[in-house]
Every structure is written in structure tokens, then in C-alpha cells.
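Hello,

Here is the structure I promised to pass on. My notes on it follow below, and I hope they help when you open it at your desk.

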Protein chains: 2
Amino acid sequence: MVTGPRTLAQVSEGDLLAEIFPYFAAHDGLLIGPGDDAAVIATGGSVVATTDAMVRGRDWVDEWSTAADVATKAFTQNVADVAAMGAVPTSLLVTLVADPQTPVQWAVDFACTLGRLAQESSVAVAGGDLSSAPTGTLMVSVTALGDLGGRRPVLRSGAAPGDTVAVCGTLGRSAAGLALLQQDLGALAEVDGLRAECVAHHLRPVAPVEAGPAAAGAGATSMLDLSDGLLRDGDRIARASGVRIALDSELLRPDTDVLAQVVGGAEALECVLAGGEEHSLLATFAGALPDGWRPLGRVEVGEGVTLDGSPQAPRGWDHFAG
Amino acid sequence: MVTGPRTLAQVSEGDLLAEIFPYFAAHDGLLIGPGDDAAVIATGGSVVATTDAMVRGRDWVDEWSTAADVATKAFTQNVADVAAMGAVPTSLLVTLVADPQTPVQWAVDFACTLGRLAQESSVAVAGGDLSSAPTGTLMVSVTALGDLGGRRPVLRSGAAPGDTVAVCGTLGRSAAGLALLQQDLGALAEVDGLRAECVAHHLRPVAPVEAGPAAAGAGATSMLDLSDGLLRDGDRIARASGVRIALDSELLRPDTDVLAQVVGGAEALECVLAGGEEHSLLATFAGALPDGWRPLGRVEVGEGVTLDGSPQAPRGWDHFAG
């Protein structure tokens, strides 16, 4: 007799969908939701669209991340990309590709958290796909759609010399959290607020989503979300805009000082400069910074990213690098 | 010294994107394309959205399917879903999740074919994601967006007793092609036109995409694309609409007679009834059928799917079934 948790192999696709759909609430902008060939979503003349996948063993390990953690990161990655265009996230499509031996509870927990986060942000879960996969494979892919509300999208290419480089949110927390987990210090998280904060940021990042459309309204000249590190993402703005991003280490001190307590001084700066998966928003502004943003440096004539005037090689996460 | 084809592990994400992007042509409706955090796509007040993933070892095997074949099937699956809502496909987001040992050429071939198919259909490749995966894993996920052009979406739930059940496209070809491949008769395809047609339909299905919006304009009361078999997909309309789908075996003869030459008589009917991945469009009409559609039966008061009056258990593809 089979014991242990139910696996996906033991339920039909229809049964699994019946368990999952209740977590995806109704939504005004969702004209037709899950259950038909495609969803129909109300838009305002254009739609912002992005997609991000997460793969077990690469983007998470089960020892550290629950299904709820994975849902949180998948949600945040995608809505942060929409927000970084200056748009309000409106809907998600969610794909689960799973070894049939995956516990049903994993899929249910994933859907439950994703549905809750979506509902809290007034985002519709509009559809998705389920597919089985070879032994050991577990992957989620999310597509997020967003509405610019009549605003022009904020691109990476609009930064101009003289603009202020600014961030909304933290720097380096996710990388520090990952370092703690790798040192097996994640378990200390419960007895140490700052460590707990870093580990939580790595496992369950939250992006300042509302700051994206607000920054667009306040005239941000370029914007992106920090997914691959300040240097690498800063270099993306530098290249797209044909400018230099000049960072000032004094302005990074609010982050490096905090992280020095967690991972030491040298590592703290590296976390701030090269740490990925932070999902704070990086933008440039010609005028005053909106509430919630703080300066990191200036946009200058030139190319690349500098720290206190020294060129910095773009480094950070690259998906296929050995 | 390393020899053999370049693998993804040997190129940076940026290098790979630089090789892939040229295959994705510019498009009028694509306001902002690949290269920023998210794409911006022109819409007409609402957007149709769907997503479908394909996994090596489940949805294809490399022995049978080239990267171009996989791109064709991924494209067709998604645009057929959009068309089945009565919408015109406008844009795609494409995710590749790949073992770093995957040959770069596979990704390039995939992108080349997807880009060509998109361009031929005036569909924009608006963005996507690249992610590495554990050894052996290769997966593609496509999200398709579409425009209803002011029409109401055609759902599964609108069929009414008295409507004609009709199909646009073939039935059973993909399943017959799969059967030939499984019998190792695929190699015969080159010397036999009909076998070649079936194998090609399985490996590189083409959907009657333009017939979807046209059917919506002609008053289709319900519609879907045949992805999981006539019985299973017919049952979806029956359930959603609260009706019976009554099929007439005489009306299936154009397909069963042809397929009998390929797989024999008994198997031919099973291919037509239960064969998946055909991506023809199944719809119901209250009035005359539009050009390109042919009747399969009637919508009746009742439930489920019948063949010549006999109830048929819904059978066909279920993704997690052992």
C-alpha cells in the first residue's frame, strides 16, 4: 500500500486545478480568468509584459526554501519588473513544471501563497499551465502583465548626465542572506534580527512595487529593478543610456554599515555592489527624489559604472556561467 | 582542449541574447521590445493571454524533434489558444530553461524558427527569460498575447442545444504520427506522403489561426483548440456549457478513412477521438458554418460526449497521469 504524501502522479490535472483555483481570487480587471483557453484582461491601450522562471537546484534548494518562499520570490521578481517600467501590475500567468513525484502539497502551498500575494496587491492570477517533467525537475514560470495608466514607460535608456542615481529599497540584503545560508548560519536567523532580515530577504524578497509607478509619475528618467546586482544592473542603464553611473561609497554606507555587522566589512561592500535578487528599484531623476528614494551617486558623461571615480567591472549573476 | 559544439556554459547570457535577438523582428504593435525589464504592447482595451510549456522527455524527445520542431509546436500551441478565444495573436514571451551543456545551436535554431513563425504571422516576440537548469533539463515556456479587435471572446461555455458542432482542420493526424514514430515507422515518412503528413503534423503542428477570429465574427457560440483530444476537449465544452456534444461517426469519416490507411481502422477512430496535440479548432455555431469548417455533430440537451448516441468516457492526454 502506498503511504506518504500524495504526489502529482496520484491526481489528475483536473483534480489539481480544482485544488489550486480557489486560491486565485476574482478581480475586476480580469474579464475572463482561468479555465478557458486564454484569459482576457482589461487594459488601457497598452500592456506591459514580463516573464521570469525559477528552477529548483538553480534558483532555490528545498533545504532552504519552502513552496511559499518560491511563490514569494517568483511573484516579486515579476511584479518588480513591471513596476520598474512605471506600470501597475495587473495580472499573472503561472506555469508549474513538475516531476510527478512532487507532493501535491507543494503545488497547493505554492498556489496559496501566490494567490494571497496577488490578492494583497490587487493582481489577478489570470491563467497558467501545468506540465509534468523528468525525475527531480521542479520549475515555475510566471508572466506578469501591467498597466501604465497612460504614463510613458520608464526605460533603461533615458538617464542623462547630471541626473541623480537613486535607489528605493535596500542593497545587498539578499546576497548577505545567501552568504549566511551558505555558511549554515541561516539557523541563527531566529535569534538575530538583522541576520533574520537578510535571510528572509533572500528567501522571500519583497519589492517596493508601488514606488515604480510613483517614480514614473515623478519623472524618473530611467529605471530597473535590481535583480543581478548594482554594478551589473547599473551598467545596463549606463549602456542603454550612453552614460556613466558614478556611485559614491559614502552614499552606500547605510547598507554597507548594516551588512558589515552580518558578513564583515569587505564582504558587505561586495554584497552591496554585486549581490543579486534584491529587487529594490534603481532609477535616475533629473529633479528632486520622490519620497522613499535615496541618492547613490550621479549620472556623468562617459561609460560604465564607477565607485568613487574608479571603474568597476560589471559583476553579478550570469545565468549560464559555470 | 575543449572540442565539440559550443554549449550554453561557454557563453554569457548577454552573448546568447545577442545571438538570439536578431531573429525577433520589429513589430508595429510592440511599443517596447526585448531588452528592458518588460515589454510594452499596444492593445485595444483588453488583452488575451495564455501560456504553455514544453519539457524535453515529456513533450518531445530529441531523437524525433529538432529545435525547430519544438519551436513550431510551442508557437502553435500558444497562438491556437489565442485564436480559440476569437482573438488575433499579437505577441509572445519566450522562456528557455536549459542545462548549461545544451548546445548553443539548439537555442539559436529554436529562436530562429520561433522568430520566423512569429514574423510570418505578424506576431511580435516581446520578451522572455533565460535560466540554467540541472543536468539533462531542457524546457521552453511561451506566453502568447492577443487582441480581440473589439469582439467578445468566444468561451467554452456558450454552446446551446441545436448548435452544430464543427471543426476547422484535421483530426487525429498528430496521434497517428506519434503512433508511427513509436512503431519506428517514422523513417518511412519520406517515401509515403500520408505518413509523412501525419509525422509532420505531430512534430510541427500548424493551427488554423486565422479561422479563430473569423469564427468569432461569424457567431461561434463556443470554441477551443483541440489540444487534448476530441472527447476530452468536447467534454470541456459540454461541461462548461451544460450540454451534450453528440458526435456522428459518419461525419468523422473524412478523417477515419484517411487514417485507416496509416494506422489501421480500429486505431484510426481512436486517433480521431482521443488523439491530442492536433490544434485544430473545435467550435459550435447556431447558424451556417463559416468557410473552412465542417460539421461533426450536434449540441443536444444532456451532458458529456456521445458517438452515434453512445456515451463516451472522456479520454485523452492528462499531464500527470502515470
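Let me start where the chains meet: A:Val47 stands opposite B:Ile41, which is in strand 2 of chain B. Before going on, please note that this is a predicted model, in which local features need pLDDT of at least 70 and side-chain atom pairs count only at pLDDT 80 or more, while totals for chains, interfaces and linings use all residues. Residues are numbered from 1 along each chain as its sequence is written, chains are lettered from A and ligands numbered from 1 in the order in which they are written, and side-chain values use heavy atoms, with hydrogens and water left out.

The pair above belongs to an antiparallel pairing of strand 3 (residues 46-55) of chain A with strand 2 (residues 39-42) of chain B, joined by four bridges. Strands are DSSP runs of E with at least two residues, helices are runs of H or I with at least four, and both are numbered from the N terminus; two strands pair if DSSP finds at least two bridges between them. Strand 2 of chain B also pairs with strand 1 (residues 30-32) of chain B, again antiparallel, over two bridges. There, B:Leu30 stands opposite B:Ile41.

How are the two chains related? A rotation of 180° with 0.0 Å of shift along its axis superposes chain A on chain B, with an RMSD of 0.0 Å (a least-squares fit on the C-alpha atoms of residues with pLDDT of at least 70 in both). The two copies are thus related as by a two-fold rotation axis. Within chain A, A:Gly45 comes closest to that axis, its C-alpha being at 2.7 Å.

At the interface, 63 residues of chain A are in contact with 63 residues of chain B, where contact means heavy atoms within 4.5 Å. The copies meet through the same surface, because 100% of the interface residues of chain A are also interface residues in chain B. About 5,100 Å² is buried between the chains, and carbon and sulfur atoms give 56% of this area (accessible area, 1.4 Å probe, lost on putting the two parts together, summed over both).

Which salt bridges might you look at? The whole structure has 24 over all chains, but the rule finds zero across the interface of chain A and chain B. The rule asks for a side-chain nitrogen of Lys or Arg within 4 Å of a carboxyl oxygen of Asp or Glu. Three examples:

- A:Asp69 and A:Arg204 meet at 2.9 Å, N to O. They link distant parts of the chain, 135 residues apart. A:Asp69 is buried at 4% relative accessible area, whereas A:Arg204 is partly exposed at 37% (buried means under 20%, exposed over 50%, partly exposed in between, with a 1.4 Å probe and protein chains only).
- A:Glu120 and A:Arg116 meet at 3.1 Å, N to O. Both lie in helix 3 (residues 104-120) of chain A, four residues apart, about one turn of the helix. A:Glu120 is exposed at 56% and A:Arg116 partly exposed at 42%.
- B:Glu277 and B:Lys73 meet at 3.2 Å, N to O. This pair spans 204 residues, with B:Lys73 in helix 2 of chain B. B:Glu277 is buried at 19%, and B:Lys73 is buried at 4%.

Happy browsing!
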